[in-house]
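Please examine the sequence and the three-dimensional structure shown here. The paragraphs below it may be read alongside the display.

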Amino acid sequence: MDDVGNAYVTSFYSGLLNKVDLGSGRISETVNLGQVNSVALDGRGSAFLSDLYRGMLYRVDLSTGLTAAVAGYMEYPADVAVDPTGRLIYVLSALGRIYRVEARSGIRTEIASGLKDGWGLALNGRGTAYVTSSDGKLLRVKLGTGDVTEVAAGLGEAYGVALDGQGNAYITSFTEGLLIRVDLATGRLTHAATGLGNPIAVALDGRGSGYVANTHGVLWKVKDVTVEG
């Protein structure tokens, strides 16, 4: 999501990056890149997309639509995020590893391993990543040391993850159609939303609402999702 009321949603089978006006629901297509499965914005006019099966990371200039390959020849890049310095962090699902890549040079560095079936990725901006796994776990990864610890389990097929900045993570549970809230300090699970179809991705807008995309082509708005109770 950007800061002017738009969401950017990848369409895996058509390969499109869709821009969605969250006020009107109007959809406009920006670029077509193949089987892109995740997107992250850098806040400076660029989007970064991962292509799961081609093993590529792309940069898209959102004002012109121009695209460029950032990195390639990777084993299933499942999700990508941008850290506070503008570098990319991505998780390789098949290898269970996290890498850092310099967006301009494409130089890659492995920073963690041992993340079985890692899929979704969120950064807290303070040197920690949270990674979901399709076997139902949420993992905490210290990017400086590569240390991996389990935060919670029993999440079903966990894919998307977002952080609210208040000590909670929000996880999409694919087969159960749930958005699950995880207390990062205790690992306690609560259902934040139900009936979402097969949810695959989630983002929070900082004003209490969550946006969940599912594999049926629907983008849901969940109001007051970060208000527990």
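The following text moves from the chain as a whole to its aromatic pairs and then to a single glycine.

The model is a predicted one. Its secondary structure consists of 22 strands, with zero helices. Along the principal axes, the C-alpha atoms occupy a box of roughly 45 × 45 × 30 Å. For 229 residues, a compact globule would be expected to have a radius of gyration near 17 Å, and the 16 Å found for the chain agrees with this. Of those 229 residues, 51% count as buried. When contacts between residues at least 6 apart in sequence are considered, 31% of them join residues at least 24 apart.

The surface and the charges complete this general view. The chain exposes about 10,700 Å², of which carbon and sulfur atoms supply 46%. The chain carries 20 positive and 23 negative charges, and the mean positions of the two sets are 3 Å apart.

Attention may now turn to the aromatic residues. The structure holds six aromatic pairs. In one of them, the ring centres of phenylalanine 12 and tyrosine 53 are 5.7 Å apart and the ring planes stand at 65 degrees; because an angle over 60 degrees counts as edge-to-face, this pair is assigned to that class. Phenylalanine 12 belongs to the loop between strand 1 (6–11) and strand 2 (16–21), whereas tyrosine 53 belongs to the loop between strand 5 (46–51) and strand 6 (56–61). The pair thus links distant parts of the chain, 41 residues apart. Both residues are also members of one aromatic cluster, formed by Phe12, Tyr13, Tyr53 and Tyr76.

Another edge-to-face pair among the six is made by tyrosine 159 and phenylalanine 174, with 5.5 Å from centre to centre and 85 degrees between the planes. Tyrosine 159 lies in strand 16 (residues 158–163), while phenylalanine 174 is in the loop between strand 17 (168–173) and strand 18 (178–183); the pair therefore ties together parts that are 15 residues apart in sequence. Tyrosine 159 has a relative accessible area of 12% and is therefore buried, the cut-off being under 20%.

The last position to consider is glycine 86, in the loop between strand 8 (77–82) and strand 9 (88–92). Is glycine 86 buried or exposed? Its relative accessible area is 14%, so glycine 86 is buried. Leaving aside neighbours within four places in sequence, glycine 86 is in contact with Arg44 and Ala103. Aspartate 205 lies 119 residues from glycine 86 along the chain, and the C-alpha atoms of these two residues are separated by 20 Å.

Methods:
Residues numbered from 1 in each chain as written. Predicted model: local features only at pLDDT ≥ 70, side-chain atom pairs only at ≥ 80, totals over all residues. Heavy atoms only, no water. Helix = DSSP H or I, 4+ residues; strand = E, 2+ residues; numbered from the N terminus. Rg over C-alpha atoms; globule rule 2.2 N^0.38 Å. Buried < 20%, exposed > 50% of the residue type's maximum accessible area, 1.4 Å probe, protein only. Contact = heavy atoms within 4.5 Å. Areas by Shrake-Rupley, 256 points an atom, 1.4 Å probe, with all protein chains shown as cover. Lys, Arg positive; Asp, Glu negative; His and termini not counted. Charge placed at Lys NZ, Arg CZ, Asp CG, Glu CD. Phe/Tyr/Trp six-rings, centres within 6.5 Å; stacked < 30°, edge-to-face > 60°.
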